[in-house]
Amino acid sequence: MAAQSKLVRSIASDHSIRTMLSTLTTLYLKHRTTISRGIYATLFLALINRVRNAISEQKSARREQEARSAVLDETLAPAGAGSGGGSGRRKSAKVELNREFFRNLWRLLRIVIPGARSKEARLLVTHTVFLVVRTLISLYVAELDGRLVSALVRGKGREFLGHVVWWMCVAVPATFTNSMLSYHQCKLALQYRTRLTKHIQDQYLSNLTFYSLGNLDDRIKNADQLITVDVAKFSNSLAELYSNLAKPLLDMMIYNFQLSRNVGGEGLFAMALLVQVSANIMRALTPPFGKYVAEEARLEGEFRFQHSRLIDYAEEVALFSGHESEKISVDKSYFTLIKHVNYILKKRLYHGMMEDYVIKYFWGALGLGLCAIPVFFKIPGAGRQGNLGDRTESFVTNRRLLLSSSDAFGRLMFSYKEITELAGYTSRVSTLLSVMTDIQKGHFEKNLVSSATQKTNTKAITTSESETQHTAVPDKPILKSRGTVLLSTDIVFENVPIVSPNGDILVPDLSFTVKPGMHLLIIGPNGCGKSSLFRILGGLWPVYGGVVRKPPSEDIFYIPQRPYLSRGTLRAQVIYPDSHSDMLRKGITDEDLLGILETVEIAYIVEQLRPEGGLDAEKEWTEQLSTGIQQRLAMARLFYHSPRYAILDECTSSQDLPTEKMMYEEAKRRGTTLITVSHRRSLWRYHGWVLQFDGQGGWGFGRLEAERRERLEEEREEIEGVLRGREEIVRRVKELEEAAEAAAVAAETEGEEAEEGVLVGVGESVEGIGSGSGSGGSGSGSKVLEHVETVEVEGEKGSKAVSVTTKEGDVVKKD
């Protein structure tokens with residue numbers, strides 16, 4: 001009875017459980033749509049919350065990094081306090097997927113896609129259409145694969161062959177769609193690059209930005225690479241990213257939607273939940289391989305350092321015979337490394353087994369279970385599942401959709417790397433645009449070598465009796481101030497400082513005036529500010545103070561010592577920077593150009609190049625022409641333009657005097673006012689005014705009296721020659737005096753040695769002298785020594801002959 005009662009209770013409990021499950025199932029099926037929507041809404045909110053938390057963590061990490069950088073700056077500030085002026089230590093910003101990245105990307109997108117009706121927008125729309133078509137074709141191919149397998153399982157050969165033929169027909173639009181996707185992606189990249197390159201080059205080659213970017217600002221070091229390489233990489237990355245993001249997202253939405261219809265949203269949700277839980281468990285069980293790799297790199301560095309240290313101190317170790325000790329140290333470092341590597345290999349073994357099992361087999365089993373749901377359960381809204389063929393078709397189709405969705409998810413995960421690469425290119429290109437915008441507004445940032453304050457130490461110099469002499473006195477930060485530039489028919493500098501790009505004040509306060517016909521010669525030592533003055537006149541450098549009045553840029557022509565020859569025809573070299581159409585618009589013909597070339601005596605070049613087109617011949621002119629011919633070609637360019645003012649910077653250094661005379665007289669005949677920098681005395685006669693720098697900040701401006709200055713210069717050179725001769729004579733006399741003193745000291749020393757030798761052997765010498773003189777006896781010897789006139793020593797030390805001459809004329813020699 002007890003057993004029967006237990007059996008009855010168990011049957012009743014089973015019945016109640018079944019009843020409860022049936023009731024819950026009925027309620028779920030009744031409210032299935034509402035519950036599914038609630039689940040999807042919950043998942044969407046969870047995704048938003050996760051993104052928000054990630055952004056908050058990123059902001060917190062950025063604030064901590066900024067705080068550490070601020071502490072580091074405060075620590076390093078005293079050390080760099082005396083390093084001079086400049087823009088400070090600029091920190092290299094780390095590229096991140098933050099608000100700055102999206103702002104820069106939006107800025108570039110407005111450049112590459114200027115409007116909704118632009119060619120790029122149309123390409124983007126058609127590219128999107130083909131992406132959708134490609135996904136729909138993939139969806140249909142998955143269904144067709146199920147039909148093929150179903151026909152194969154049911155043994156329907158004709159139906160199977162029909163599906164194969166149709167599958168091959170579907171491949172035609174599929175391959176066309178794939179090719180169009182690749183074509184549109186390449187076209188988009190090309191259009192993006194064209195738009196962006198044109199926009200950048202319009203700014204880069206306007207308002208002398210290309211010069212200021214490399215000479216007055218330090219923020220961009222390689223503009224050529226940014227314009228040519230990084231712009232292309234940005235365009236390719238942007239075009240690829242759209243495909244690599246849009247297509248996976250579209251695939252995931254469409255495939256998952258179809259899967260939810262085939263297997264039910266519940267199964268899809270359950271599988272996603274199990275995958276997420278298993279991924280979290282696997283992540284929790286994953287060893288800290290990053291830490292292990294860092295430790296391995298440290299041990300590798302120590303092992304390498306041991307060998308480097310042994311090489312550096314090889315001599316010392318060899319002298320001490322310390323090779324055994326060093327071997328023990330090196331072996332210890334190596335075996336420590338190997339022990340750690342073996343530890344990592346063991347960890348990777350267990351982790352690889354777990355990862356392989358979970359990803360390949362556990363997740364694969366979940367996928368198989370998901371695809372098999374329609375076989376064992378009736379899914380509302382799903383297709384028929386009557387026979388074996390239908391079930392096989394459903395299983396194959398669902399498995400194909402699941403694999404395609406997983407592949408799309410994987411591509412979406414791997415696209416993060418491409419996004420970070422795009423962020424890097426976006427940052428570099430945006431920085432280039434921002435710097436060029438700053439430069440066009442007159443804002444420069446440059447690391448200075450010295451402090452840039454306009455504190456003058458000018459001294460006045462005199463170049464002639466009529467020259468003015470000046471000393472400037474302002475005292476303020478020079479690079480933060482700006483002067484005034486006005487248009488005028490004359491060239492006027494009023495209290496203008498000449499400052500180099502690194503902040504050195506070459507001339508604190510310069511004032512002079514050049515009117516048409518006032519041919520000016522500028523002289524001075526290297527680095528005194530001559531070239532800087534020309535750069536200010538040409539608008540290359542900013543005016544840091546005072547007032548500059550000058551004609552428009554087309555009225556000032558500059559010819560350097562090394563002429564610039566562009567790529568193009570011989571005609572283009574003469575008329576540069578004009579084009580052929582500009583030349584014709586001015587009414588100048590090729591005959592006029594030939595006349596100019598005859599003036600500078602290089603018309604024979606046209607005849608030599610007649611077989612190649614004459615003036616239309618194209619060559620690498622800097623390699624074909626000598627420096628002298630290039631300078632004549634530059635003067636021909638000057639005569640072609642015939643500007644109001646010409647700045648000539650040692651432009652005749654490779655010319656002889658007759659050619660130089662012809663060039664200057666022809667330029668003056670054409671009404672060009674010459675401003676020349678040269679140290680050649682032969683050019684003085686072609687100028688009436690002189691601006692002279694002394695290299696210490698001082699300067700003088702006044703009339704140049706060429707004949708008087710030449711006489712003074714000749715007299716100065718003559719005096720310098722005389723002084724150099726006198727210095728040579730004084731030096732030679734001093735050498736002779738020193739030699740005479742040295743000889744006298746040597747002779748005196750040798751005489752003392754000889755006298756000591758005679759006196760030491762006085763007894764012997766007396767006898768010798770007495771006997772030698774025929775006087776006899778020692779008394780005669782004493783007489784000789786008492787009446788010594790001279791003592792001479794001949795020969796080397798250790799073998800000397802001593803000659804003693806008495807007042808009576810007797811000469812006695814002793815070895």
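1. Let's start with how helix 16 and helix 19 sit against each other. In this predicted model, the axes of helix 16 (residues 590-599) and helix 19 (residues 627-641) come within 9 Å and cross at roughly 130 degrees. Angles of 115 to 145 degrees fall in the oblique class, so helix 16 and helix 19 are oblique to each other. As for the hand, the crossing of helix 16 and helix 19 is right-handed.

2. Which residues make that contact? On the helix 16 side you'll find Leu593, Ile596, Leu597 and Thr599, and they meet Leu633, Ala636, Phe639 and Tyr640 in helix 19. Sorted by class, the contact of helix 16 with helix 19 has 7 nonpolar residues, 1 polar and no charged ones.

3. Now for the sheet. There are 4 strands in it, the sheet is open, and the order reads 2-6-3-4 with mixed pairing. Strand 2 (484-487) and strand 4 (505-514) are the edge strands, each pairing on one side only. Going from one strand to the next, the twist averages 25 degrees.

4. A closer look at one edge: strand 2 runs parallel to strand 6 (residues 547-550), and 4 bridges join the two. If you want a pair to click on, Leu486 has Arg549 in strand 6 as its bridge partner.

5. One more helix belongs in this picture. Helix 13 (residues 530-537) lies across strand 3 (491-499), strand 4 and strand 6. Relative to strand 3, helix 13 runs at about 125 degrees.

Note on methods:
Residues numbered from 1 in each chain as written. Predicted model: local features only at pLDDT ≥ 70, side-chain atom pairs only at ≥ 80, totals over all residues. Heavy atoms only, no water. Axes fitted to C-alpha atoms, helices over the stretch in contact; angles between N-to-C directions. Parallel < 35°, antiparallel > 145°, perpendicular 65-115°, else oblique. Left-handed = near helix turned anticlockwise from the far one by under 90°. Contact = heavy atoms within 4.5 Å. Nonpolar A, V, L, I, M, F, W, Y, C, P; charged D, E, K, R; others polar. Pairing = 2+ DSSP bridges.
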